[in-house]
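Below are some notes for a colleague who has the model open, set out as numbered points. They take up helix packing, enclosed space and a few backbone features in turn.

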Amino acid sequence: MGHVMAEYVGYRARDGVAVLEIDNPPVNALSQAVRQALLRAFERASDDTSVHAIVLIGTGRAFSAGADIREFDQPSAEPSLPELCDALEASTKPVVACLHGAALGGGYELALAAHGRLALAGTRIGFPEINLGLLPGAGGTQRFPRVAGIDAAVELMLSGKPVTLKEPMEHSFVDGLVEGDLLSAGIALAHALREDPLKPTKDRREAFADGMAYQAAIARARSSVSSHPTRAAAAIVDCLEAASLLPFRAGLALERDLFLELRETNEAAALRHAFLAVREAVKPREGLPAGRAIQKVGLIGGGLMGAGIAVTCLDAGCSVQLLEKSADAAVTARTRVEGIYDRAIARGRLTEAARNARLARLNCTANLPDIARCELVLECVDEDAALKTRLLSDAGAVMASDAILASNTSYSDIDMLAKASGRPDRFVGLHFFAPAHVQALVEVGVGSDTAPEVEATAMAFATALGKKPIRVTATEGLLANRLLAAYRLAADGCLARGATPYEVDEAMRAYGFGIGPYESFDLSGLDISAAFRASYAELRGGRRFDIADLLCQEGRLGQKTGRGFYIYDDAKDPRRGREDDALLAMIDAERERRGYEAQSLKPYAIQEACLLAMMNEGGRLLDEGIAERAGDIDVVMIFGFGFPRHRGGPMKAAELSGLLRHLRRLEDLARRDPFWTPSETLREAVKNGNRFSAVL
């Protein structure tokens, strides 16, 4: 058996079969260098008279997770993935693809061009391209419906979600599942195909036999994507329809043209940015020591936030000591955690056995010494600085000297809390978003004295919980609430100018947010951020038009009191709000009292004001060194507050719509209100090519 290793692709001969091994860790992305090496290895196997068949396999943890996304912002480089797929499909020697781990996007398209496909049980297959504003661009829309039918093609390509191949086989995504030696099975299939070849994917027409059923599925798909935020969804449906109507080569040409067209859209650029920004943001800083693995977690406070964090820790395999102020409160906290799990069981997301195993690692207690052996203790009580200070001081006194103490605060001064803990070097902020067992974002607030090992451990801990940790230099409000405060001030400014809260909410939903700002404020509670709203406005020197303060004075705190910006009196759905004429009269009276003249604001003007405020506050956070990258701002807004991902976050959205234009608009607004004074980061970005990345 000959064995030659080349960069990116290994080549060896075994029993007359050439084995090509993709070797580009960690997920065997099909970069230009990999494609080039694959084509060279394939041509070598094709020319070798001692080779009768070819097996394609991946090293490491995946067959291939698809294209290298970083290349999408660069000119196309040969060989393209479609060219590589065409070469495999046209081979006169049988080609077998052996899949394991993940075969996603271009990785699975490569396998579809082979003459046979095997996979280890548990392999994930899918087409995530729609999540990047794209369509499968290497033959996937033409080959996959021929293999799996139109219903599977619509489901996988429009959802972007992978499926896991399990026994028994319920689909034809591959030609067989393997439990043991995948390579040996692939070689055996390659030999078998010499004697009894499978019909090439491009020639399979059985999926199109019932043309009426196929077109009905296309019609349903077209209807379902009518409101999709990107153009990719409709383009995918067009290509799937073409697969049944056009000759194969014409279908491939249409697919490629649409892929290249989509790649240049703002939506695709924004989605690529969001993907890469997350990947960059969650990395620990260079030079940090390795973080410790945390297994024993203490939580102080078992309210909604504490219960959600407890579930998150239990799901990750940690043991949890949940400390409450009394025995009765500890019982209530456990009931709250059990309720989350009971709802998961009712929805079919968890088994009773799994629930019981998790709860066996939970101890709800009112006894302070029970947290003494925890490796990390996290305070997660209400935003009351005096209460937090006392609880952290008490906890720090009983914990081991090398244990980490943390606060879930989103508003308090982390350095002040660190000092109160008695162990400022072992203290860090860990701000979870509610509900903590659902939301992915965690802000890691690093104080002035936080030790590097503690920072690294906090980042690793959040990652182990399945979260997306963002490092933030400690400041009041961290990143998220500073950005939210700017958003609120801009929205309130729209009210002062004449918009209603309901018009603002509608405009921001139209922009792509799941809910508008005033719906969001009612959800979280208007009293939660009252003090921070005031301090932020003072910090920025902006004019406040804070109707929320007036509502708080009347006890209208949002959903929890049944009234806020909306009225919540629907017995069937207490979270569903309706508009309130009395509130509109209150806003009119406040405008009149302040001498503001109401005018009609178009949705675009509302959207522009809110985007400018978020982007400019992001620039200030970069000016101050609170955030490390513009991408971190975008990640926080996308995962923390539902900023539409297909717009890339406020920093990327501003780039795509023109930073110079936004700078000029801010300069004009700042003549009347210092809140709009442009950040230095924005000014530098304009000077350096209208890109924030150019100055960071």
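1. Leu479, Ala480, Leu483 and Leu484 in α17 meet Asp632, Ile633, Val636, Met637 and Phe641 in α24, where contact means heavy atoms within 4.5 Å. Of the residues in this contact, eight are nonpolar, none is polar and one is charged (Ala, Val, Leu, Ile, Met, Phe, Trp, Tyr, Cys and Pro count as nonpolar, Asp, Glu, Lys and Arg as charged, and the others, Gly among them, as polar).

2. The model is predicted, with pLDDT of at least 70 needed for local features and 80 or more for side-chain atom pairs, while totals for chains, interfaces and linings use all residues. Numbering runs from 1 along each chain as its sequence is written, and side-chain values use heavy atoms, with hydrogens and water left out.

3. The axes of α17 and α24 (residues 630–641) lie 10 Å apart at an angle of about 80 degrees, and the two helices are therefore roughly perpendicular to each other. Axes here are lines fitted to C-alpha atoms over the stretch in contact, with angles from 0 to 180 degrees between N-to-C directions; angles under 35 degrees count as roughly parallel, over 145 as roughly antiparallel, 65 to 115 as roughly perpendicular and the rest as oblique. Helices (H or I, at least four residues) and strands (E, at least two) are DSSP runs, numbered from the N terminus.

4. α17 also takes part in enclosing space, for it gives four residues to the lining of the largest cavity, the largest share. That cavity holds about 70 Å³ of space, and its lining, which includes Arg488, Asp492, Arg533 and Asp546, divides into four nonpolar, no polar and five charged residues. A cavity is a set of points on a 1 Å grid over the protein atoms alone where a 1.4 Å probe fits but cannot get out, and lining residues have an atom within 4 Å of a point; points are joined across faces, edges and corners, and a volume is the space filled by probe spheres set on them.

5. Helices α1 (residues 32–47) and α2 (residues 81–89) have axes that come within 10 Å and cross at roughly 20 degrees, which makes α1 roughly parallel to α2. Arg35, Leu38, Leu39 and Phe42 of α1 make the contact with Leu81, Leu84, Ala87 and Leu88 of α2.

6. Two cis peptide bonds deserve a look: Pro25 to Pro26, with omega near 10 degrees, and Glu78 to Pro79, with omega about -5 degrees. Pro26 is in the loop between β3 (17–22) and α1, whereas Pro79 is in the loop between β4 (53–58) and α2.

Terms used:
On a 1 Å grid over the protein atoms alone, a cavity is a set of points where a 1.4 Å probe fits but cannot get out, and a pocket is an open set with protein on both sides within 12 Å along at least five of seven lines; lining residues have an atom within 4 Å of a point.
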